[in-house]
Each structure stands twice: as structure tokens, then as C-alpha cells.
Amino acid sequence: MRPAHRTRSPRPAAFPLLRRRLRAWFARHGRNYPWRQTHSWFHLLSAEMMLRRTRADQVQAVYLRFTERYRDPAAAAAAAPEELDEILRPLGLRWRQTQLRQTFAYLRDSFARRAPAIGDDLEAIPGVGAYCSAMLRSRLFGAREAAVDVNVARLMARLHGLPLHAESRRDRRVLELANQFVHTKDPFQLNLAMLDFCALVCRARRPLCQQCPLLDCCQTGIKAANR
């Protein structure tokens, strides 16, 4: 029988140090996209849905055109399908247009006169899953929830020396660690910092370990350096 896998480092007590390092890295290297600055919950939600399976640089021009045309869910829901399709076409994935129209209709009917509230189940919105809900809730309400996708799951697994597999983003231990990590002020900024850090440094292939400010606390990095 194989021995149970143990998490050795970093302990949650080290999280304040890791947060400071990651925030400092993000202040220097973080990417600046318009949806990160918006105060519109509708535009932020729309951006998160556009970003699914699509590079952020590819989304930017589409997002700007979309937000200039549609200020609220009612305007987007009233748009002719061919008009919306024409705006979203550069993103590809034809199913996304159909899904977004369903989402806009739901938002128009459910949030016609108010923004989402902290008690609302955002995952009830068509097309909104756990990742999108956590990103929105951390931005809108300061909820200390980690937006965990395959990239953030990879970061948590590498830091803690956990096995990485196809379903790591749903792994209970990974989710617990990620939520502990963002359990502090400005969880939205930390969610963005992890997102950019995984894209630019802690990459799936050929991670830039020598440029990593978390290297001395990363179980995977330490093991690789000692080989």
C-alpha cells in the first residue's frame, strides 16, 4: 500500500508572506484589462463568460465593442441575434452566442431593477459556474472566495506538493487551500494576481521557476531544484 500523501509546506501560517509576495509581483507585472476596472456587474459578468476558453487579449476588443453597445441586460437581451453574433464572432465557439442570449434574458427578467445581492445564488444564472460566481462575488461583495480554474488548481498543487490531475480544480483539498489563501482583504485582487501569475510564471509547460517569488515555499519547485 502506498503511504498517504502529506502536505508539508507552505503551511497556512505562511500565507501572509506568500500573499505579500504575490501582490508585489502583481503590482509590477499584472495585466490591465478594461473589465478589471469596470463598476458594472453586468459588464463584469459578460466579460467572464467571454473569457471562457478564450485568451484575454482576444476578448478585449470584443468586450469594448460590446460594452459600448449594451449598457445593461435589457439592452443586450433586446439585441437582434444577428447583431449580437456579429459582435461576438471574433471569439469563435458558436455555442457561446446562444448561451449568452439565454443569460441576458435571465438577467433581464431577474435583475431588471436591481443588481445581484450577496445572498443571491449566482450559479443559478445560465452559464455561470463556480469559477465565474467566485470571481463575481469577490469583486462585487468582497467575498473571500477563490476563483479556481485549472491554472489556479495547478498553482495550489505545485505549492503544496499535491498530485495534479484532470479534476484538480474540483479537488476538496485544493479548494480548501485556495479559499484559505484568499481569506483576506481584497480577495478579488488576489484572484486576479493568481490568474496572471499562472499565465505568466507558473505555466502549465515550462514554468519560469527561476523568476518565481514563491519558489522557496513551493514544494514542486524545491524538489525540482534538488534533483
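# Close-up views of an all-helical chain

**Figure 1. In this predicted model, Arg206 occupies the loop between H10 and helix H11 (219–225).** Although Arg206 is not a glycine, its phi is positive, at about 50°. The relative accessibility of Arg206 is 71%, so the residue counts as exposed, the cut-off for that class being over 50%. Helix H11, on the other side of this loop from H10, contains Ala225. Ala225 also counts as exposed, with a relative accessibility of 59%. From the C-alpha atom of Ala225 to that of Cys209 the separation is 9.2 Å, and the two residues are 16 apart along the chain.

**Figure 2. The protein chain as a whole contains 11 helices and 0 strands.** Its radius of gyration is 19 Å, close to the 17 Å that the globule rule gives for 227 residues, so the chain is as compact as a globular protein of that length. The C-alpha trace spans about 60 × 40 × 35 Å along its principal axes. Of the 227 residues, 44% are buried. When contacts between residues at least 6 apart in sequence are considered, 66% of them join residues at least 24 apart. The chain exposes about 12300 Å², and carbon and sulfur atoms supply 51% of that area. The chain carries 39 positive and 20 negative charges, and the mean positions of these two sets lie 10 Å apart.

**Figure 3. The largest nonpolar core comprises 35 residues.** The members that touch the most other members are Leu22, Val148, Leu155, Met156, Phe181, Met194 and Phe197. Two or more residues of this core come from each of helix H1 (15–29), helix H7 (130–140), helix H8 (150–160), helix H9 (172–181) and helix H10 (187–200). H10 gives the largest share, 7 residues. A second, separate core holds 31 residues, among them Leu51, Ala79, Leu107 and Val128.

**Figure 4. Leu22 is shown with its contacts beyond four places in sequence.** These partners are Phe181, Leu190, Ala193, Met194, Phe197 and Leu214. Phe181, Met194 and Phe197 are listed, together with Leu22, among the residues of the largest core that touch the most other members.

**Figure 5. Helix H7 packs through its buried residues against helix H2 (41–50) and H10.** The buried residues of H7 are Cys132, Ser133, Ala134, Met135, Leu136, Arg137 and Ser138. H7 is followed by Gly142, which has a positive phi, near 70°.

**Figure 6. Asp186 is placed in the loop between H9 and H10.** The phi of Asp186 is near 55°, a positive value in a residue other than glycine. Asp186 has a relative accessible area of 40%; because this value falls between the 20% and 50% cut-offs, the residue is partly exposed. Helix H9, which comes before this loop, includes Arg173. Arg173 is likewise partly exposed, with a relative accessible area of 29%. The C-alpha atoms of Arg173 and Asn226 are separated by 26 Å, and the two residues are 53 apart along the chain.

**Figure 7. Ala199 has its place in helix H10.** With a relative accessibility of 34%, Ala199 counts as partly exposed. Ala199 and Val152 are 9.7 Å apart in space, C-alpha to C-alpha, and 47 residues apart in sequence.

**Figure 8. Arg52 lies in the loop between H2 and helix H3 (56–69).** The relative accessible area of Arg52 is 27%, so this residue is partly exposed. Apart from neighbours within four places in sequence, Arg52 is in contact with Leu93, Trp95, Arg96, Gln99, Gly127 and Val128. Among these partners, Val128 is included in the second core of 31 residues. Trp25 is 27 residues from Arg52 along the chain, and their C-alpha atoms are separated by 25 Å.

Methods
Residues numbered from 1 in each chain as written. Predicted model: local features only at pLDDT ≥ 70, side-chain atom pairs only at ≥ 80, totals over all residues. Heavy atoms only, no water. Helix = DSSP H or I, 4+ residues; strand = E, 2+ residues; numbered from the N terminus. Rg over C-alpha atoms; globule rule 2.2 N^0.38 Å. Buried < 20%, exposed > 50% of the residue type's maximum accessible area, 1.4 Å probe, protein only. Contact = heavy atoms within 4.5 Å. Areas by Shrake-Rupley, 256 points an atom, 1.4 Å probe, with all protein chains shown as cover. Lys, Arg positive; Asp, Glu negative; His and termini not counted. Charge placed at Lys NZ, Arg CZ, Asp CG, Glu CD. Core = buried A, V, L, I, M, F, W, Y, C linked by side-chain atoms within 4.5 Å.
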